[in-house]
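Q: I'm new to this structure and would love a close look at one part of it. Could you pick a spot, explain the terms as you go, and then link it to its surroundings?

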Amino acid sequence: MKTSAERLAALGCAGLVAVSVAGCGSVTDAVKGDGGKAITMGTTSVTNVLDPAGAYDAGSWLLLRNTFQSLLSYPAASSAPGPDAAQSCEFTGGDATQYHCTLKAGLKFSNGHPLTAADVVHSVERTKKINDQNGPAGLLESIKSVEAKGDTEVIFHLSQPDATLPAKLAGPAGAIVDHQVFPADKLLSNDKLVGSGPYKIDSIEAMDVEGGAKVPGKVVLSPNDKYTGEAKLRNKKFVLRYFDKAAALKSALDDGSIDLADNGLEPNTAAQIRSEQQGGKTDLQVVEGDSNDTRYMVFNTKDATGANVAVRQAAAQLIDRKTLARDIFARTVQPLYSMVPAGVTGHSTSFFDKYGDQDPAKAKAILTAAKVQTPVKLNLSWSRSRAEGAEADMLKKQLEAGGLFQVTVQHEADWDVYKKGWTEGKYQAYLIGWFADYPDADNYVAPLVVDGGAYHHGWDDPRISQKLVPESLKQADRGAASSTYGQIQNIVAENAPLIPLFQNKSFYVSKSYITGVESTVDTTGVFRFWEIGRIGK
């Protein structure tokens with residue numbers, strides 16, 4: 001199997017992402033020019049817990065994908081997982097309730113301990129047993145039991161059909177930990193982590209964040225000499241630095257403290273750098289690619305206003321995604337008209353098919369037919385946004401077109417308070433983003449619309465929760481499940497308990513001497529540190 005860098009070279013630097021760089025450095029040149037100097041990447045995805053049993057956010061998964069192996073992993077630009085620690089995995093039988101994996105021979109953790117089927121069993125069982133409230137145990141709930149047969153055979157027994165299990169195991173929720181190091185009933189401290197991935201953790205420096213908490217601020221990685229997988233490292237040391245503000249990330253890029261920044265820069269900043277690069281006015285380069293990060297406006301259907309389907313439909317008829325993407329996010333996002341984003345199998349245009357472009361006359365007709373008095377008073381809440389308050393202000397303006405709504409924007413600065421607020425049904429409508437656990441249509445549907453969803457909107461449709469979702473999980477061929485997800489998204493569009501707004505684009509900014517970013521920005525959500533190299537400097 002070729003690495004994504006090799007595939008990119010074969011494609012002449014085209015085909016995977018839209019790239020705004022002058023050229024593609026070769027793997028050989030990058031390695032020669034590296035000189036052993038560390039490459040430092042900055043991110044605003046601040047995290048806390050790094051033990052895979054308790055880690056369940058973008059900041060921790062960014063690190064874990066590069067330091068731990070799973071049975072499977074996502075190759076670059078792929079919609080289906082392939083082998084990682086496993087030599088092969090397959091469902092046995094036709095109902096997707098038993099999954100069999102055979103491990104590769106000779107696997108070891110960075111401490112030299114052998115990686116065997118017993119470690120896989122331990123990893124799954126401890127995640128389920130610990131069941132950390134902030135961890136990924138929910139992704140493994142379909143696993144009734146897991147057993148090892150010898151050192152290389154693993155069999156998963158499922159309580160119900162779950163064709164998405166391979167996708168779930170391909171992420172950090174399926175990270176394999178050393179049973180001799182990780183306790184079965186509690187989380188391991190960040191400074192004691194041991195994995196079998198391409199890199200090992202050398203050190204972690206803490207930083208203070210708002211509220212006085214200490215979280216990882218700087219993580220130093222070096223190649224894991226026990227690793228025998230497919231990844232071919234283009235650097236000899238990699239440093240990941242966390243920043244709690246987008247402005248601090250940009251400052252670190254400007255003063256050379258970091259060599260590249262992830263998608264955490266403010267939209268206008270990223271757009272400005274892209275413009276300066278095109279005009280030859282900066283030594284920074286921008287790589288633009290797809291992302292599976294989506295954004296929604298959610299209604300509390302337990303509230304009298306949000307419970308009225310005509311109100312929700314009228315709001316869907318008034319949203320102008322193109323203007324939002326252009327004027328507020330400087331085209332660093334793309335309009336989204338379905339639950340499932342572009343680039344993921346199962347994507348559709350259900351909301352556009354139902355509502356088309358913004359049309360106040362049609363929205364008025366919907367409200368008039370339902371005998372809804374206008375203007376409809378609506379509170380719109382938000383907490384975090386790459387565009388700060390400009391996003392909610394623009395949505396307010398769009399909803400108030402034609403005098404049909406009277407919107408009050410409410411900002412909650414404390415994220416924990418905001419989460420508690422939507423959980424307890426305190427908001428009428430609220431803005432929220434979704435970063436998928438795995439690039440499968442199921443992860444944009446089941447967690448968001450079944451039984452009120454993760455954002456507690458209170459809406460459910462038995463056609464989805466009792467028939468279509470269970471049916472889709474029996475289809476091991478995920479492409480064959482697309483028609484089922486199309487039906488689901490049409491039902492969601494008709495009822496509009498939440499309205500898709502946009503899908504983020506990935507804008508990674510780096511110094512001109514950095515190479516390889518273009519080969520690891522895609523809808524898998526996996527940023528592969530090993531693809532990043534440097535030329536000359």
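A: Happy to! A salt bridge here is a side-chain nitrogen of Lys or Arg within 4 Å of a carboxyl oxygen of Asp or Glu. Lys and Arg count as positive and Asp and Glu as negative, while His and the chain ends are not counted. A residue is called buried when its relative accessible area is under 20%, exposed when it is over 50%, and partly exposed in between (1.4 Å probe, protein chains only).

Please keep in mind that this is a predicted model, in which local features need pLDDT of at least 70 and side-chain atom pairs count only at pLDDT 80 or more, whereas totals for chains, interfaces and linings use all residues. Residues are numbered from 1 along each chain as its sequence is written, and side-chain values use heavy atoms, with hydrogens and water left out.

Our spot is Lys 511, which belongs to strand S20 (residues 506-511); helices (H or I, at least four residues) and strands (E, at least two) are DSSP runs numbered from the N terminus. Lys 511 is buried and yet has no salt bridge. The nearest side chain of opposite charge is that of Asp 283, 4.3 Å away. Asp 283 is also among the residues that Lys 511 touches (heavy atoms within 4.5 Å). Leaving out residues up to four places away in sequence, the others are Leu 253, Asp 254, Gly 256, Ile 258, Asp 259, Leu 284 and Gln 285.

Lys 511 goes without, but the structure holds 20 salt bridges. One of them joins Asp 440 and Arg 478, with their closest N and O atoms 2.9 Å apart. Asp 440 sits in the loop between S18 and helix H14 (442-449), and Arg 478 in the loop between helix H15 (462-472) and helix H16 (482-495), so this pair ties together parts that are 38 residues apart in sequence. Like Lys 511, both Asp 440 and Arg 478 are buried. Another salt bridge links Arg 463 to Asp 461, at 2.8 Å between the closest N and O atoms. Here Arg 463 is partly exposed, with a relative accessible area of 46%, while Asp 461 is buried at 9%. Arg 274, Glu 288 and Lys 505 are joined into one network by salt bridges that share partners.

Strand S18 (residues 429-435) brings us to Leu 431. Its relative accessibility is 1%, so Leu 431 counts as buried. Leu 431 and Glu 391 are 40 residues apart in sequence, and their C-alpha atoms are 9.3 Å apart in space. Beyond neighbours within four places in sequence, the contacts of Leu 431 include Glu 391, Met 297 and Leu 501.

Met 297 leads on to the largest nonpolar core, a set of 70 residues. Such a core consists of buried Ala, Val, Leu, Ile, Met, Phe, Trp, Tyr and Cys residues joined through side-chain atoms within 4.5 Å. Met 297 and Val 449 are among the members that touch the most others. Helix H8 (residues 309-318) supplies the largest share of this core, six residues. Apart from it lies another core of 69 residues, among them Leu 64 and Phe 156.

Finally, a search of the whole structure finds one disulfide, a pair of cysteine sulfur atoms within 2.5 Å. Cys 89 and Cys 101 form this disulfide, with their sulfur atoms 2.1 Å apart.
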